[in-house]
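Have the model open in your viewer and keep the selection tool at hand. We will go from stop to stop, picking something at each one and looking at what is there.

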Amino acid sequence: MKILIDENMPYAEALFSDLGEVISKPGRTMTAEDLVDVDALMIRSVTKVNEALLAKANKLKFVGTATAGQDHVNDALLADRGIFFTAAPGCNKVGVAEYVLSSLMVLGQQQGFSLFDKTVGIIGAGNVGSYLAKCLDALGVRYLLNDPLKAEQGDPRSFHSIEELQAQCDVITTHTPITREGRYPTHHLVDEAFLAALKPGAILINAARGPVVDNQALKRALQASQIGEGKHLTAVLDVFEHEPQVDLDLLPLLAFATPHVAGYGLEGKARGTTMVYNSFCEFLGVDKQVEAASLLPTAPVPYVTLSGKWDEPTLFSLTQLVYDVRRDDGLFRREMCATQAGSPEMASAFDRMRKNYWDRREYSAITVAGEPHFGLESLADLGFTVEERP
Ligand SMILES: NC(=O)C1=CN([C@@H]2O[C@H](COP(=O)(O)OP(=O)(O)OC[C@H]3O[C@@H](n4cnc5c(N)ncnc54)[C@H](O)[C@@H]3O)[C@@H](O)[C@H]2O)C=CC1
Ligand SMILES: O=C(O)C(=O)[C@H](O)COP(=O)(O)O
């Protein structure tokens, strides 16, 4: 059996080699030719599964994407051809939420505000949005959810309109799929009118898909902010319209910019790979299942002892010890600015940074020890592993 995998899928080569012959290729440039005689295809978000890719897929029975988003896969086409399809919903929700928290805490330090005083608007209350809400609950930060689809499905949480978010929220963060059809399309959900309706000084974060935000409208709004006109907006983008190409006029206007790595924790990638692997084993009727946690190394700083009840600066230190968005932002700007807009070098640099991504961890990789009254419960709710000491 031949199994073709994206080379940017940690742990996949070792796991899938147990089941067949593994061929590993860059996901973005896979072609129809690569699928000749291939039985199973394991991908990430950069491989478009469409008619063109499947043109020579004479043996393909299984496609697995180790990602939450599925917009790169024509699932109806796979169903038509009788090819089994599986994804990894929720695999990287923790990484994305921790990306948002890092961005907000660093911005708080830079701009002189406390996250605890802010109201956060979460658009899209699925796996990522709900996990972020759980983290904000742990910290006691106010938030409003917007998700008309969940509201219509009878989800018992309290949902708010976009207008309410725009009027009340200091931060708006998008966690929807990219959709162009239906009653609630998300393509350019954040457009000129959306931006114009935000509170002055608002922060916008997009770690969903690039085209959820109209990048040209955002650029105009940020340019206006810079010359003292408009709303004084701040924007953080992990995803871009037309990536792996990046608008070099937009880049300097962003507070933080990263190459689609918000969900790139090692835990999240291991979950994505194992979810697909476990599903493939079930599909084959092979009695094997792998726990993502069993694949993970110990974190560089696995244990921290608190000397007292945590406060905001301590929370900052603890969370940034795990993930500081400035690390990715700095490298990304250097890499992008060394290339020409629209060039193949820019695309290569974008993908290289993702392929060679560092071993970023999630909060759970650190055990925080302290006395029971040090506020360990909130840290546990935020995702840290905690150890109570008498
Ligand atoms: N930057 C990154 O590294 C990552 C990006 N993503 C992106 O984030 C998206 C969300 O991820 P998950 O939460 O795991 O997906 P999910 O499918 O669990 O949740 C998406 C939510 O968005 C809601 N939604 C759809 N259209 C909406 C609209 N017009 N307005 C408000 N809400 C709407 C849905 O009802 C659903 O509850 C993914 O589809 C993917 O595109 C996901 C993981 C990592
Ligand atoms: O899961 C998703 O959806 C994502 O956006 C991925 O985290 C992006 O990573 P790649 O699949 O492009 O490596």
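Select S45 together with ligand 2: an N or O atom in the S45 side chain is 2.5 Å from an oxygen atom of the ligand. Keep in mind as you zoom in that this is a predicted model.

Now add R44 to the selection. One of its polar side-chain atoms lies 2.6 Å from an oxygen atom of ligand 2. Next, turn to A68, where the partner belongs to the backbone: an N or O atom there is 2.7 Å from a ligand 2 oxygen. How much of the accessible area of ligand 2 does the protein cover? Of the 350 Å² that ligand 2 has on its own, 94% is covered.

To see the full surroundings of ligand 2, select R44, S45, V46, T67, A68, G69, N92, R209, H260, Y264 and R354. Colour this shell by class and you will find three nonpolar, five polar and three charged residues. Switch on a surface if you like: the space that ligand 2 takes up is the largest pocket.

Ligand 1 is the next thing to select, and here too the place to look is the largest pocket, where ligand 1 sits. Its surroundings comprise 27 residues, and N127, V128, D147, Y184 and D238 are the closest. Colouring by class gives 12 nonpolar, 11 polar and four charged residues in this shell.

Stay with ligand 1 and visit three backbone contacts in turn:

- Pick N127, where a polar backbone atom is 2.8 Å from an oxygen atom of ligand 1.
- Move to A207, which places a backbone N or O atom 3.0 Å from a nitrogen atom of ligand 1.
- Finish at G263, with a polar backbone atom 3.0 Å from an oxygen atom of ligand 1.

Taken on its own, ligand 1 has 850 Å² of accessible area, and the protein covers 89% of it.

Switch to a cartoon view and highlight α5 (127-139) and α6 (148-152), each of which supplies at least two residues of the shell around ligand 1. Which element gives the most to that shell? Select α6, which contributes three residues.

Two backbone details are worth a stop. Go to the loop between β10 (234-237) and β11 (256-257), where you will find P244. Show the backbone from E243 to P244: the peptide bond there is cis, with omega near 15°. Then jump to the loop between β8 (171-174) and α8 (192-196), which holds H188. What is notable about phi of H188? This residue is not a glycine, yet its phi is positive, near 55°.

For the last stop, colour the whole protein by pLDDT. The mean is 97, and 100% of the residues reach 70 or more. For the complex, the predictor gives an ipTM of 0.99 and a pTM of 0.98.

Note on methods: Residues are numbered from 1 along each chain as its sequence is written. Chains are lettered from A and ligands numbered from 1 in the order in which they are written. This is a predicted model: local features need pLDDT of at least 70, side-chain atom pairs count only at pLDDT 80 or more; totals for chains, interfaces and linings use all residues. Side-chain values use heavy atoms; hydrogens and water are left out. A residue is near a molecule or strand if one of its heavy atoms lies within 4 Å of it. A polar contact is a pair of N or O atoms within 3.5 Å; within protein, one must be able to donate a hydrogen and the other to accept it, and residues adjacent in sequence count only if both atoms are side-chain atoms. Accessible areas come from the Shrake-Rupley method with a 1.4 Å probe; for residues, only the protein chains shown count as cover. On a 1 Å grid over the protein atoms alone, a cavity is a set of points where a 1.4 Å probe fits but cannot get out, and a pocket is an open set with protein on both sides within 12 Å along at least five of seven lines; lining residues have an atom within 4 Å of a point. A molecule sits in a cavity or pocket if more than half of its atoms lie within 2 Å of its grid points. Helices (H or I, at least four residues) and strands (E, at least two) are DSSP runs, numbered from the N terminus. Ala, Val, Leu, Ile, Met, Phe, Trp, Tyr, Cys and Pro count as nonpolar, Asp, Glu, Lys and Arg as charged, and the others, Gly among them, as polar. pLDDT is the predictor's confidence in each residue, from 0 to 100.
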